[in-house]
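Could you walk me through this structure in my viewer, one selection at a time? I am a first-year student, so please tell me what to click on and what I will find there.

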Amino acid sequence: MTLSEAEKTFILHGVQENFRIDGRNRDDYRPMELETSIITHAFGSARLRLANTDVVVTVKVEIDVPFPDRPLEGKMEFFIDCSANATPDFEGRGGENLATEISNTLTAAYSSNSVFDYTKLCILKGRKCWKIYVDILILECGGNLYDAISIAVKAALWNTSIPLVKSVTIDGNNVDMNVSENLSDCIKLDISAAPLMVTLCKIGDHCVVDPTSAEEQCSQGAIVVAISKGKFSTVFQTGGGSLHPLTLMEKLKLGAKVGNRLEEALSEALSKIKENGEMGFLN
Amino acid sequence: MPVDHKRINGPENTIPYKLYTKLNVKSFKEALQDAVKNGVRNDKRKLDEHRRIFMKTDIVSQAKGSAYIEIGNTKVVVSVFDPREIPNKNEYSLNGELYCEFKFAPFSCPKRRLHQQDAEEKQNSIVMKQALEPAVCRHEFPNFQVDVYALVLENDGSALSAAITCAGLALAQAGIPMFDIITSVTIGIQGDLKLLDPMLHEETLCYTSINKNSKTGKNSHGIVILSLLNTHQQVTEFYQVGSLDIDDIEECTKVLTEANKVVVPLVEKCLAKHVIKGVKESSQ
């Protein structure tokens, strides 16, 4: 989608008047829809639809060997598939840059041990640990990918259940594990501190939250902040613009405020989701 | 760079021997106490003091512009090549582009780096691109891209900052039109300590929370990299990892803005030297 100068001016004026093209305020989100446990083969999954942005996140858990320098910690990795269904720009290797940018930002946001406790994923020191694969599929791209993905990732991790390891036996060099067969014997991950990302898009003199793709085109740069329990876990400037240090601080404060609000809304939504709710069109 | 599938990278499961030495047994807390004693760091620096910086332009004769920087033991070479048409692009883009590639040399870190770019290097490339783009007059070369290659020869902390400052210098030497001199400084935070221009072991200390379980100590930790156009007072890239609250970030921004001001005259001096040399050569 390309915009003409007149359209861009229209959006810019709307942002100045605090009345955006879809009637929102500058710090309002578009309506969201969240579903969890939608994929049976995954250990946890979530689908988030934020107006026109649609992402599916699935979590797979497998057994791996811990990093030699961190023998007590498990691993987590993020993979993003920018499918060409989302926008024609992603065709071929078009989405690759965006995918590495998002997955690296997610890795950075989840890297701290005060955000996610990796020691919980350790099975046997230096020998066995759980590795969490978070696969993100972008189905439709209507702006504000970062926020949508981070919410979906948090919901999918909330939904994830890790099989219970009953016992570990060591025989010489072989490590044998006994994993509980009972499906209800599962460990839930503690995701209370998992970060949520907020994109602040600078349009004119103001910053908007949750930009549509049209607004993203008018922006002179954006800041992505990852907020975990009111603290910043990652800040990342993107989109080719620059900011005055004072403006930057203002944006960061706004980001923290919005992030906390988003976290409250998400935990409220998650608490409403019933255990073992049936999913799909057939029910 | 296209991935070379034929290259044999050697066994992937090798690990540095240091993991087995006694030094490694130290807990994070002890390591932190060793790193900072009474507000003085291992190399006798104060907390808010830079390491010694050396810069030189015109290092690579094949490149349009190049620069070399040493910050303490961190050594980075950056080369910038002539603008060329953006490859594989259908649409005409009004603004030129920068292509940045950040690479650790295989021997630059305690652990051997592989030839292919790993996730960290890719992320650093993206951060570098974002930091440099606002400094360059991209409208001056529409539909063209300028290639910037940064190679870290030795990593002793703050390598990304060094690469950005050095790339700014190399771009200027290459004659790429720019708005301002770009500089970048890193700060590491662990609890109440704020370590400007951290060394590698200090950086590692800042990545994990040490006081996590104790209720008393402050458990902020993280790394902040700030790139600044000094005359315009514009932050081109603010990159933070870790867990910090807003007050920490505010303080860090202040410290880093001041710290960047210290680096600017060094870059200016280096560029002036380059110009004087050019004038002398042409008059002969």
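Start by selecting F78(A), Y110(A), F116(A) and Y118(A): ring pairs join these residues into a cluster. Keep in mind as you look around that this is a predicted model.

Now zoom in on two members of that cluster, Y110(A) and F116(A). Their rings make an edge-to-face aromatic pair, with 6.4 Å from centre to centre and 70° between the planes. Are these two residues buried or exposed? Y110(A) has a relative accessible area of 1%, so it is buried, and F116(A) is buried as well, at 2%. The cut-off for buried is under 20%.

Next, jump to chain B and select Y99(B) and Y149(B). This pair is also edge-to-face, because the ring centres are 6.2 Å apart and the planes stand at 70°; the angle for that label has to be over 60 degrees. Where do the two residues sit in the chain? Y99(B) belongs to strand β6 (residues 97-104) and Y149(B) to strand β7 (residues 144-154), so the pair ties together parts of chain B that are 50 residues apart in sequence. Y99(B) is partly exposed, with 29% relative accessibility, and Y149(B) is partly exposed too, at 27%. Searching the whole structure gives 9 aromatic pairs over all chains.

Go back to chain A for another kind of ring contact. Select K75(A) and F67(A): the charged end of K75(A) sits over the ring of F67(A), 4.4 Å from the ring centre.

Stay in chain A and colour residues 29-163 and 195-257. An unreviewed UniProt entry annotates these residues as "domain: Exoribonuclease phosphorolytic". In residues 29-163, the end C-alpha atoms lie 36 Å apart, and the span is 21% helix and 38% strand. In residues 195-257, the end C-alpha atoms are 14 Å apart, with 30% helix and 43% strand.

For the last stop, show the whole of chain B as a cartoon. You can look for 5 helices and 11 strands. The radius of gyration of chain B is 20 Å, close to the 19 Å that the globule rule gives for 284 residues, so chain B is as compact as a globular protein of that length. Its C-alpha atoms fill a box of roughly 60 × 50 × 45 Å along the principal axes.

Finally, switch on the surface of chain B. About 14,400 Å² is exposed, and carbon and sulfur atoms supply 54% of that. Of the 284 residues in chain B, 50% are buried.

Key. Residues are numbered from 1 along each chain as its sequence is written. Chains are lettered from A and ligands numbered from 1 in the order in which they are written. This is a predicted model: local features need pLDDT of at least 70, side-chain atom pairs count only at pLDDT 80 or more; totals for chains, interfaces and linings use all residues. Side-chain values use heavy atoms; hydrogens and water are left out. Rings of Phe, Tyr and Trp (its six-membered ring) pair if their centres lie within 6.5 Å; planes under 30 degrees apart count as stacked, over 60 as edge-to-face and the rest as tilted. Buried means under 20% relative accessible area, exposed over 50%, partly exposed in between (1.4 Å probe, protein chains only). Helices (H or I, at least four residues) and strands (E, at least two) are DSSP runs, numbered from the N terminus. A charge sits over a ring if NZ of Lys or CZ of Arg is within 6 Å of the ring centre and within 35 degrees of the ring normal. UniProt positions are given in the numbering used here, feature names are shortened, and annotations may be inferred rather than shown by experiment. The radius of gyration is taken over C-alpha atoms; the globule rule is 2.2 Å times the number of residues to the power 0.38. Accessible areas come from the Shrake-Rupley method with a 1.4 Å probe; for residues, only the protein chains shown count as cover.
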